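Me: I would like to go through this model with the reasons laid out, so that each label is tied to a value and a cut-off. Please take the terms one by one.

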Amino acid sequence: VGFGKGNNGMPEEVTIREDLQIIQVKSWGEITTADFKKTLDEILRIRQAQGLTNVFVDATKVTSYPSTISILDFGSEAARALMDIQLAISAPPGKREDPEFFENITRNRGANVRVFDTPDAALAWLPKEPNKAVEQTLG
């Protein structure tokens, strides 16, 4: 399950990582707001179909992000959609500012988003049991 550059020319690929029961996003190159929106739509589609609520974004190979105002607009919109999702982002080395801005926007609106320096740190933050954080919140 997923999509990526091979299917639609996007610099992102969304798949289910069966071993961890998480949604995994791999991003690279120049990311646009349209890329963000398509990726969010795919995450939400998988969330609906599979019930997965933990998302890992490996953005370590991203070279550029949309403008600050675009990140603000998208983050404000995305926060509502991410309310029942735990999202861990591994930022590109030396380029934490844009992912951290997205984190701040979404967290200020109630979403559970965190930015990390390495993929291992991001994966370690996600619950070991699928959907545990959401069940605790709802229970």
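Reply: A salt bridge here is a side-chain nitrogen of Lys or Arg within 4 Å of a carboxyl oxygen of Asp or Glu. The model is a predicted one, and all the values below are computed from it.

Me: What makes the pair R45 and E42 a salt bridge?

Reply: The side chains of R45 and E42 come to 2.8 Å, N to O, and because the cut-off is 4 Å, the pair meets the definition. Both residues lie in helix α2, which spans residues 33–50, and they are 3 residues apart, about one turn of the helix. As a general point, side chains of opposite charge can pair when their charged atoms come close.

Me: Why is E42 called buried, and why is R45 called partly exposed?

Reply: E42 has a relative accessibility of 11%, and buried means under 20%, so E42 counts as buried. R45 has a relative accessible area of 40%, which lies between the 20% limit for buried and the 50% limit for exposed, and therefore R45 is partly exposed.

Me: How many salt bridges does the structure hold, and which parts of the chain does the pair R47 and D84 link?

Reply: The structure holds 5 salt bridges. In the one between R47 and D84, the closest N and O atoms are 2.8 Å apart. That pair links distant parts of the chain, since R47 is in helix α2 and D84 is in the loop between α3 and β5 (86–90), with their positions 37 residues apart in sequence. R47, at 22% relative accessibility, counts as partly exposed, and D84, at 28%, counts as partly exposed too. Salt bridges that share partners also join R96, E100 and D117 into one network.

Me: How do you know that D19 and R17 form a salt bridge, and what makes D19 exposed?

Reply: The side chains of D19 and R17 meet at 3.0 Å, N to O, and because the limit is 4 Å, this pair qualifies. D19 has a relative accessible area of 57%, and exposed means over 50%, so D19 is exposed. R17 has 27% and is therefore partly exposed.

Me: What makes S27 buried, and which residue does its side chain join in a polar contact?

Reply: S27, found in strand β3 (residues 22–30), has a relative accessible area of 5%, and because buried means under 20%, S27 falls in that class. The side chains of S27 and E12 are joined by a polar contact of 2.5 Å, a value that fits the 3.5 Å cut-off for N or O atoms. Leaving aside neighbours within four places in sequence, the residues in contact with S27 include P11, E12, V57 and D58.

Me: Why is Y65 called buried although it is found in a loop?

Reply: The label rests on accessible area: Y65 has a relative value of 18%, and since the limit for buried is under 20%, Y65 is buried. Y65 is found in the loop between β4 (54–64) and α3 (68–81). Leaving aside neighbours within four places in sequence, Y65 is in contact with I31, F36, A59, I71, P92, D98 and P99. Y65 and I31 are 34 residues apart in sequence, and their C-alpha atoms are 5.1 Å apart in space.

Me: What is the phi of Q21, and where is Q21 placed?

Reply: Q21 has a positive phi of about 55° although it is not a glycine. The place of Q21 is in the loop between β2 (12–17) and β3, and at 29% relative accessibility Q21 counts as partly exposed.

Me: How many cavities of 30 Å³ or more are there, and which element gives the most to the lining of the largest cavity?

Reply: The count comes to 1 cavity of 30 Å³ or more, and the volume of the largest cavity is about 300 Å³. Of the 21 residues that line the largest cavity, the closest to its centre are F36, V57, L87, I89 and F102. Helix α2 gives the most to this lining, with 4 residues.

Me: Which elements make up the chain as a whole?

Reply: The protein chain has 6 helices and 6 strands, and buried residues make up 45% of its 139 residues.

How values were computed. Residues numbered from 1 in each chain as written. Predicted model: local features only at pLDDT ≥ 70, side-chain atom pairs only at ≥ 80, totals over all residues. Heavy atoms only, no water. Helix = DSSP H or I, 4+ residues; strand = E, 2+ residues; numbered from the N terminus. Buried < 20%, exposed > 50% of the residue type's maximum accessible area, 1.4 Å probe, protein only. Polar contact = N/O pair within 3.5 Å; in protein donor to acceptor, adjacent residues only side chain to side chain. Contact = heavy atoms within 4.5 Å. 1 Å grid on protein atoms, 1.4 Å probe; cavity = no way out; pocket = protein on both sides within 12 Å on 5 of 7 lines; lining within 4 Å. Points joined across faces, edges and corners; volume = space filled by probe spheres on them.
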